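Please look at the chain below before reading on. The text that follows goes through its helix contacts, its aromatic rings and a few single residues.

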Amino acid sequence: LGEFKAVMLASLRSLVPKDWDGDHEVAWGWLWENVERMLKNLMGKPQVQEKALERLIMSLTEDSVNYLRREVYKRFFALAPAGQDYFKQSTTRLYWIADKIVEMTIEMYREPRKMVEDISALGLRHVGYAIPTEFFAP
């Protein structure tokens, strides 16, 4: 993390050489110390979280899975009512999409780099389908 801090600091200095001053230096140091502390606190936890998530998913009954599927759309449509205009598929297709969401959640732990590529590609496909970007905020 120390090497990354130095590289990022050098990059920031070179991006805004005329504006960079001591205040920026102090702010960057503060920000990086906090990011570094948070990252160190997370080290080793993804494996534990992955196992807990896998246990949860494997413990779901068919009724629980169906409830989860329904809740995904219920909550999405509550947050973005206009989203209903873009989900005109059958219930079977909607359930398949919800199942993919769950599958992708566990895959984020197993293959994070691949999932970044897959989710980025999915986002680009949605842009190509003219889906408004406010429906898939971070």
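What follows is a walk through a predicted model, taken from the N-terminal helices onward.

The walk begins with helix H1 (residues 2-15) and helix H2 (residues 22-42), whose axes come within 11 Å of each other and cross at roughly 150°. The crossing in which H1 passes H2 is right-handed. On the H1 side the contact involves Phe4, Lys5, Met8, Leu9, Leu12 and Arg13, and these meet Glu25, Trp28 and Trp32 of H2. Sorted by class, the residues of this contact are six nonpolar and three charged, with no polar ones.

Trp28 deserves a separate look. This residue belongs to helix H2, and its relative accessible area is 10%, so it is buried, the limit for that class being under 20%. What does Trp28 touch, once its neighbours within four places in sequence are left aside? The partners are Lys5, Met8, Leu9, Leu12 and Trp20. Of the H1 residues in the helix contact, Lys5, Met8, Leu9 and Leu12 thus appear again around this side chain. For a sense of scale, Trp28 and Thr91 are 63 residues apart along the chain, and their C-alpha atoms are separated by 49 Å.

The next helix is H3, which spans residues 45-59 and includes Gln47. Pro46 is in H3 as well. Pro46 has a relative accessibility of 36% and therefore counts as partly exposed; Gln47, at 48%, is also partly exposed, because that class ends where exposed begins, over 50%.

How is H3 placed against H5? The two helices pack at an angle of about 155°, and their axes are 9 Å apart. That angle makes H3 roughly antiparallel to H5, since angles over 145 degrees fall in that class. H3 passes H5 in a left-handed crossing. The residues that make the contact are Pro46, Gln49, Glu50, Leu53, Glu54 and Ile57 from H3, together with Val102, Thr105, Ile106, Tyr109 and Arg110 from H5. By class they divide into six nonpolar, two polar and three charged.

Two distances help to place this end of H3. Gln47 and Arg110 are 63 residues apart in sequence, while their C-alpha atoms are 8.9 Å apart in space. Pro46 and Glu71, in turn, are 25 residues apart in sequence and 25 Å apart from C-alpha to C-alpha.

The aromatic rings come next. A pair of aromatic rings is described by the distance of the centres and the angle of the planes. A search of the whole structure finds seven aromatic pairs. One of them joins Phe77 and Phe87, with 5.8 Å from centre to centre and 70° between the planes, an edge-to-face arrangement. Phe77 lies in helix H4 (residues 62-79) and Phe87 in the loop between H4 and helix H5 (91-110), so the pair ties together parts that are 10 residues apart in sequence. Are these two residues buried or partly exposed? Phe77, with a relative accessible area of 18%, is buried, whereas Phe87, at 26%, counts as partly exposed. Both residues are members of one aromatic cluster, which they form with Tyr73 and Phe76.

Helix H5 also contains Ile101. This residue is partly exposed, with a relative accessible area of 40%. Ile101 and Leu31 are 70 residues apart along the chain, and 33 Å separates their C-alpha atoms.

H5 has a further contact, with H6. The two pack at an angle of about 140°, with their axes 6 Å apart. H5 and H6 are therefore oblique to each other. In H5 the residues involved are Met104, Glu107, Met108, Tyr109 and Arg110, and they meet Pro112, Met115, Ile119 and Leu122 in H6. This contact has seven nonpolar and two charged residues, and no polar ones. Tyr109 and Arg110 take part in the contact with H3 and in the contact with H6.

The walk ends at Ala130, in the segment after helix H6 (112-128). Most residues other than glycine have a negative phi. Ala130 is not a glycine, yet its phi is positive, at about 65°. Its relative accessibility of 55% makes Ala130 an exposed residue.

Technical notes: Residues numbered from 1 in each chain as written. Predicted model: local features only at pLDDT ≥ 70, side-chain atom pairs only at ≥ 80, totals over all residues. Heavy atoms only, no water. Helix = DSSP H or I, 4+ residues; strand = E, 2+ residues; numbered from the N terminus. Buried < 20%, exposed > 50% of the residue type's maximum accessible area, 1.4 Å probe, protein only. Phe/Tyr/Trp six-rings, centres within 6.5 Å; stacked < 30°, edge-to-face > 60°. Axes fitted to C-alpha atoms, helices over the stretch in contact; angles between N-to-C directions. Parallel < 35°, antiparallel > 145°, perpendicular 65-115°, else oblique. Left-handed = near helix turned anticlockwise from the far one by under 90°. Contact = heavy atoms within 4.5 Å. Nonpolar A, V, L, I, M, F, W, Y, C, P; charged D, E, K, R; others polar.
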